[in-house]
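Please examine the sequence and the three-dimensional model shown below. The explanation that accompanies them is intended to be read with both in view.

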Amino acid sequence: MLRQALSLPNLELEALLPARPVLGLAGFAIAYTVFVYLGYGLREQPDALVIIWPPAGFLLVSLFVTPRRVWGWLIAVQLIIELLIDLGRGDRFHPGWSVTFAAADSLDAIVGASMAQRMIARAVLPRVRQVISFLAAAGLGAAASASIGAFAAMQVLHDQSYPHQWQVWWAGNWLGSLAVAPMIFNWAIRWRLPSYSVPVQRLAEILLLTALLIALTVWIFSAPVLGITSFLQMPAVLLAVLAYAAFR
């Protein structure tokens, strides 16, 4: 198995893209729309930021695997979709701040994908350092996005605490990337490059991990609002740990 893996050529990320760019752009628009509605469905309170923003992960992966000459098209579609959805929400639409929210999401993906491409110069067979580098890049992108998004949130929402809004925005976008990006990579590689996908060999292990994941999810989301102190409340510390591990 190891000898077979070592014989595989370097993974070309562009191989994950659809063969027809027009259909790929249309598919991106549909998928991004679904992720945005999913994100709004995870909102705990009407006048609060979402606890997790799945579109952040999808847009980050899309830019990461796409040549930079195409980024403008993806960002334009992303901005239009977010503005149209905000406009359709009626009283939730604030023209100037809605543009700022959408632009902050764009900044998240642009910074994250740029840092990931810089830290991962060439994708090869999976390495722990590459995974950590990607996670750190996603966190940095979310932090850059939060610097703008938190200010806009203060103008629209009732909470006037910039540090609190920054933390919520940062955690929500980064969690969106952590939750969505691995899933997209996994299924895209299994579909487009099956030779790189991990073969399913131990059904018992998969069932055990699935049961553990379900149990932890139920425990976390059934806990009182103030019942859990998350490590995500210390973004500077976590980013420092990831950055140290990535560049070590």
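The following paragraphs proceed from the overall fold to individual helix contacts, and then to selected residues.

The structure is a predicted model. The protein contains nine helices and zero strands, and its elements follow the order α-α-α-α-α-α-α-α-α along the sequence. Of its 248 residues, 38% count as buried. Contacts between residues at least 6 apart in sequence may be divided further by separation: 73% of them join residues at least 24 apart.

The largest nonpolar core comprises 46 residues, and those with the most contacts inside it are Leu63, Phe64, Phe134 and Trp170. Six helices each supply two or more residues to this core, namely H2 (21–41), H3, H4, H5, H6 (128–156) and H7 (162–192). Two of the residues just named, Leu63 and Phe64, also appear among the buried residues of H3, and H3 is a suitable place to begin a closer inspection.

Helix H3 is mostly covered, with eleven of its eleven residues buried. The buried set consists of Pro54, Pro55, Ala56, Gly57, Phe58, Leu59, Leu60, Val61, Ser62, Leu63 and Phe64. Which helices does H3 meet? Contacts with H4 and with H5 are described in turn.

The axes of H3 (residues 54–64) and H4 (residues 71–88) come within 10 Å and cross at roughly 165 degrees. Angles over 145 degrees count as roughly antiparallel, and H3 and H4 are therefore roughly antiparallel to each other. H3 passes H4 in a right-handed crossing. On the H3 side the contact is made by Leu59, Ser62 and Leu63, and on the H4 side by Trp71, Leu74, Ile75 and Gln78. By class, these residues divide into five nonpolar, two polar and no charged.

The second contact joins H3 to H5. Here the axes come within 8 Å and cross at roughly 45 degrees, an angle that makes H3 oblique to H5. This crossing is likewise described as right-handed. H3 contributes Ala56, Leu59, Leu60, Leu63 and Phe64, while H5 contributes Asp105, Ser106, Asp108, Ala109, Ile110, Gly112, Ala113, Ala116 and Gln117. The contact of H3 with H5 has nine nonpolar, three polar and two charged residues. Leu59 and Leu63 take part in this contact, and both were also listed for the contact with H4.

Helix H4 has a further contact, with H2. The axes of H2 and H4 come within 10 Å and cross at roughly 40 degrees, and the two helices are therefore oblique to each other. Their crossing is right-handed. From H2, the residues Leu25, Phe28, Ala29, Tyr32, Thr33, Val36, Tyr37 and Tyr40 meet Trp73, Leu74, Val77, Gln78, Ile81, Glu82, Ile85 and Asp86 of H4. This contact has twelve nonpolar, two polar and two charged residues. Leu74 and Gln78 of H4 belong to the contact with H2, and they are also listed in the contact with H3.

Individual residues add detail to this picture. Ser106 is located in helix H5 (residues 95–119). Why does Ser106 count as buried? Its relative accessibility is 5%, and the limit for a buried residue is under 20%. Not counting residues up to four places away in sequence, Ser106 touches Leu59, Ile75, Gln78 and Leu79. Of these partners, Leu59, Ile75 and Gln78 are also listed in the contact of H3 with H4.

A second serine, Ser114, is also placed in H5. Is Ser114 buried or exposed? Its relative accessible area is 19%, and Ser114 is buried. Leaving aside neighbours within four places in sequence, Ser114 is in contact with Arg68 and Trp71. Trp71 is one of the H4 residues in the contact with H3.

The final residue considered lies outside the helices. Leu157 is found in the loop between H6 and H7. With a relative accessible area of 12%, Leu157 is buried. Leu157 and Leu49 are 108 residues apart in sequence, and their C-alpha atoms are 8.4 Å apart in space.

Terms used
Residues numbered from 1 in each chain as written. Predicted model: local features only at pLDDT ≥ 70, side-chain atom pairs only at ≥ 80, totals over all residues. Heavy atoms only, no water. Axes fitted to C-alpha atoms, helices over the stretch in contact; angles between N-to-C directions. Helix = DSSP H or I, 4+ residues; strand = E, 2+ residues; numbered from the N terminus. Parallel < 35°, antiparallel > 145°, perpendicular 65-115°, else oblique. Left-handed = near helix turned anticlockwise from the far one by under 90°. Contact = heavy atoms within 4.5 Å. Nonpolar A, V, L, I, M, F, W, Y, C, P; charged D, E, K, R; others polar. Buried < 20%, exposed > 50% of the residue type's maximum accessible area, 1.4 Å probe, protein only. Core = buried A, V, L, I, M, F, W, Y, C linked by side-chain atoms within 4.5 Å.
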